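Student: I would like to go through this model with a few questions on its helices and its ligand. Please reason from the structure shown here.

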Amino acid sequence: MWSYHPDLLARPVPRYTSYPTAMEFSDDVGADAYARALDAVEAATPISLYVHIPFCEQICWYCGCNTGAAGRKHRLADYLAALQSEIRLVAKRLGGRGRVQRIAFGGGSPNAIAPVELVRLLDLLLTLFDAHRPEISIELDPRGFSAEWALVLAAARVTRVSLGVQTFAPHIQQAIGRIQPLSHIERVVAGLRLRDIDAINFDLMYGLPGQTLADLDETLDETIHLAPSRISLFGYAHLPNMIPAPAPDRRQRSARP
Ligand code: SF4
């Protein structure tokens with residue numbers, strides 16, 4: 001049974017999708033603070049690794065994430081090379097201390113890289129860190145999902161997947177520049193379950209442009225029908241001054257064929 005805390009719900013808090021939350025970061029948090037935190041890790045300290053892939057095949061018009069279009073392949077390759085250097089640096093600084101219990105790939109959309117690149121990153125992490133059968137999770141853009149991805153995730157022992165579903169209403173998908181029909185999401189879920197990946201989260205959104213309560217109800221009904229193991233329901237924050245929408249030409253480039 002879930003506990004209900006109305007006092008906590010009434011308190012204004014920052015958008016909470018990661019910890020520490022974005023508001024905790026400032027110029028005071030830099031390389032020195034990072035090094036001190038790494039040096040404080042002891043031999044048996046349980047640690048989690050988060051690997052950020054700040055790219056997406058298509059940029060959604062409502063997106064406020066730290067991401068960019070994956071179209072420029074050299075930029076993606078440069079980032080992956082830098083990421084591998086960072087993994088080596090962190091592992092060297094830890095010098096074998098810490099027990100990795102969780103590895104999370106987030107973004108952006110980690111499936112904006114090629115499946116083989118995910119395997120390379122995991123190989124490196126599992127080779128350089130003390131990690132015995134860690135729980136591995138990944139965020140996926142359903143639009144870029146394929147049977148190859150399902151195979152690779154299963155082979156890599158990924159156990160938890162989070163799908164960016166947002167809404168099933170076709171007219172809202174059109175309004176936010178994210179077309180992914182219900183039948184496609186059904187295929188993605190079936191493809192994951194076929195490979196025994198059952199811990200599936202749906203990210204959903206409310207307050208999207210033109211979205212009515214009836215649209216949200218319908219999306220929730222379809223979601224219940226697909227029975228993900230977890231639902232994360234986020235409110236859309238309309239902040240055009242802070243997060244300008246992609247320019248029209250970028251929209252066209254990023255539109256699905
Ligand atoms: S897939 Fe997710 S991270 Fe990428 S642009 Fe869309 S909302 Fe943003």
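Student: At what angle do the axes of helix α3 and α4 cross?

Tutor: This is a predicted model. The axes of α3 (residues 73–94) and α4 come within 10 Å. Angles under 35 degrees count as roughly parallel, and α3 and α4 are therefore roughly parallel to each other. Their axes cross at roughly 10 degrees.

Student: Which residues of α4 make the contact with α3?

Tutor: By class, the contact of α3 with α4 has six nonpolar, one polar and two charged residues. On the α3 side, the contact is made by L80, Q84, I87, R88 and A91. On the α4 side, the residues are E117, L124, L125 and L128.

Student: Why are the buried residues of helix α5 on the same side of α5?

Tutor: In α5 (residues 147–155), the buried residues are W149, A150 and L153. On the other side of α5, A147, E148 and A155 are exposed. The buried residues lie on the same side because the arc they cover around the axis is only 100 degrees.

Student: Which elements are included in what covers the buried residues of α5?

Tutor: The residues to be covered are W149, A150 and L153. Their cover includes two helices and two strands, namely α4 (115–128), α7 (182–194), β5 (131–140) and β6 (158–166).

Student: How many residues of the shell around the ligand are charged?

Tutor: The residues around the ligand include C56, I59, T67, S109, D141 and G164. The shell divides into five nonpolar and five polar residues, and the number of charged residues is one.

Conventions: Residues numbered from 1 in each chain as written. Predicted model: local features only at pLDDT ≥ 70, side-chain atom pairs only at ≥ 80, totals over all residues. Buried ≥ 20, exposed ≤ 12 C-beta atoms within 10 Å, placed from the backbone. Helix = DSSP H or I, 4+ residues; strand = E, 2+ residues; numbered from the N terminus. Arc of directions from axis to C-beta. Contact = placed C-beta atoms within 7 Å. Near = placed C-beta within 6 Å. Nonpolar A, V, L, I, M, F, W, Y, C, P; charged D, E, K, R; others polar. Axes fitted to C-alpha atoms, helices over the stretch in contact; angles between N-to-C directions. Parallel < 35°, antiparallel > 145°, perpendicular 65-115°, else oblique.
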